[in-house]
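Me: I'm new to this one, so could you walk me through it in plain words? Here it is.

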Amino acid sequence: MMMKKAFAGLALAGMAMSAQASIVTTEGFDTVYGKDGLAAKGWLGVDTGSTVLNGWFGGNPDTFAAQSGAATSYVAAGYQLAGADGTLSSWLLSPLFDATGGATVTFWLRAEALDGYYDQVNFGFNLNGEFVNMTPVSVVPTDGWTQYTAVLGADTVGMARFGVQYVGDANTADYVGLDNVTITSVPEPASLALLAFGALGLGIARRRRA
C-alpha cells in the first residue's frame, strides 16, 4: 500500500510538472495602438501616439494579410525608417518574463515580394540586459508566412525579453511583417525536483495519519 501511494504521489508530481510549463505571452497584434495596444502590454519600442513603433507599425492588408485573424492583425516595418542610403536597425521587444529554466518562442515572418528588394531580421533575447542567442534571417520569405523558433536553454537564469530587429540596407529593403508571437516558459529543474519530493512526502504523511 505504501508503494502504491508513493507512486500516486509521483504521478501527481508529474502532472504538476507538466502544468508548470506555461504560455507567458501570446500576441496576435489585434490591437497595436492606444490604451489596449502593445505599449500597455509591456512591449518596448512603442510610441502609442504615433503610427510608428520604433519603426514597427500596424500591418497593411493591401500589402498582405495577417497570418491569422483579421487581415490587419500583424505588425510591420519598412525601409522608410532609415531613409535613403541609411542602415536599418529597429528593435521590437516583448514584455519582460522570467526565463529561469529556459523558454521557447514561436513567431511568424513574411516580407513583400518586390523585384530587386529583400528584407532581413535578427531575432533573439535580451537576457539580464544583454542580447543573447541572436539568429539572423538573411532573407525573409516572400511567398507566405513562415514560422520560426527561438530557444533559451534550461541553464538560463534571469529575466528576459524576446526581440526582433529589422536590419539591413534601406536602399535594398522593402517591407516585413511579424505575427503570432508565443512565449512558453520551461520549469526550472531544481523546482521540479522539489515539487516531486513534496508530492511524495504528502503521500507518505497521509499513510501515517491513516
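Me: How many bridges pair β7 with strand β8, and in which sense?
Reply: This is a predicted model, where local features need pLDDT of at least 70, side-chain atom pairs count only at pLDDT 80 or more, and totals for chains, interfaces and linings use all residues. Residues are numbered from 1 along each chain as its sequence is written, and side-chain values use heavy atoms, leaving out hydrogens and water. Strands are DSSP runs of E, at least two residues long, and helices are runs of H or I of at least four, both numbered from the N terminus; two strands pair if DSSP finds at least two bridges between them. Val121 sits opposite Val137 in β8, and β7 pairs with β8 (residues 130–137) in the antiparallel sense, over six bridges.

Me: Which residue in the turn between β7 and β8 has a positive phi?
Reply: These two strands make a hairpin, with two residues between them. The phi in question is about 50°, and the residue is Asn128.

Me: What other strand does β7 run antiparallel to, by eight bridges?
Reply: Look at Phe123, which stands opposite Val164. Val164 belongs to the partner strand, and eight bridges join β7 to that antiparallel strand, β10.

Me: How many of the eight residues of β7 are buried?
Reply: Buried means under 20% relative accessible area, exposed means over 50%, and partly exposed is in between (1.4 Å probe, protein chains only). Across the 210 residues of the protein chain, 40% count as buried. β7 is mostly covered, and its buried count is seven.

Me: Which element gives the largest share of the largest nonpolar core?
Reply: A nonpolar core is a set of buried Ala, Val, Leu, Ile, Met, Phe, Trp, Tyr and Cys residues joined through side-chain atoms within 4.5 Å. The largest one has 35 residues, and those with the most contacts inside it are Trp56, Phe107, Phe162, Leu178 and Val181. Elements giving two or more residues include β7 (120–127) and β10 (159–169). The largest share, five residues, comes from β6.

Me: How many residues are in the other core, the one with Phe64 and Tyr74?
Reply: That core lies apart from the largest one, and Ala76 and Trp145 are also among its members. Tyr74 and Trp145 are both buried. The core's residue count is six.

Me: What is the angle between the planes of Phe64 and Tyr74?
Reply: Rings of Phe, Tyr and Trp (its six-membered ring) pair if their centres lie within 6.5 Å; planes under 30 degrees apart are stacked, over 60 edge-to-face, and the rest tilted. Phe64 and Tyr74 are a stacked pair, 5.3 Å centre to centre, with an angle of 20°.

Me: How many residues apart in sequence are the parts that Tyr74 and Trp145 tie together?
Reply: This aromatic pair is edge-to-face, 5.5 Å centre to centre with 80° between the planes. Tyr74 lies in the loop between β2 and β3 while Trp145 lies in the loop between β8 and β9, so the parts tied together are 71 residues apart.

Me: Which residue meets Lys41 in a salt bridge?
Reply: A salt bridge is a side-chain nitrogen of Lys or Arg within 4 Å of a carboxyl oxygen of Asp or Glu, and the structure holds two. Lys41 is partly exposed at 39% relative accessible area, whereas its partner counts as buried at 5%. The N to O distance is 3.1 Å, and the partner is Glu27.
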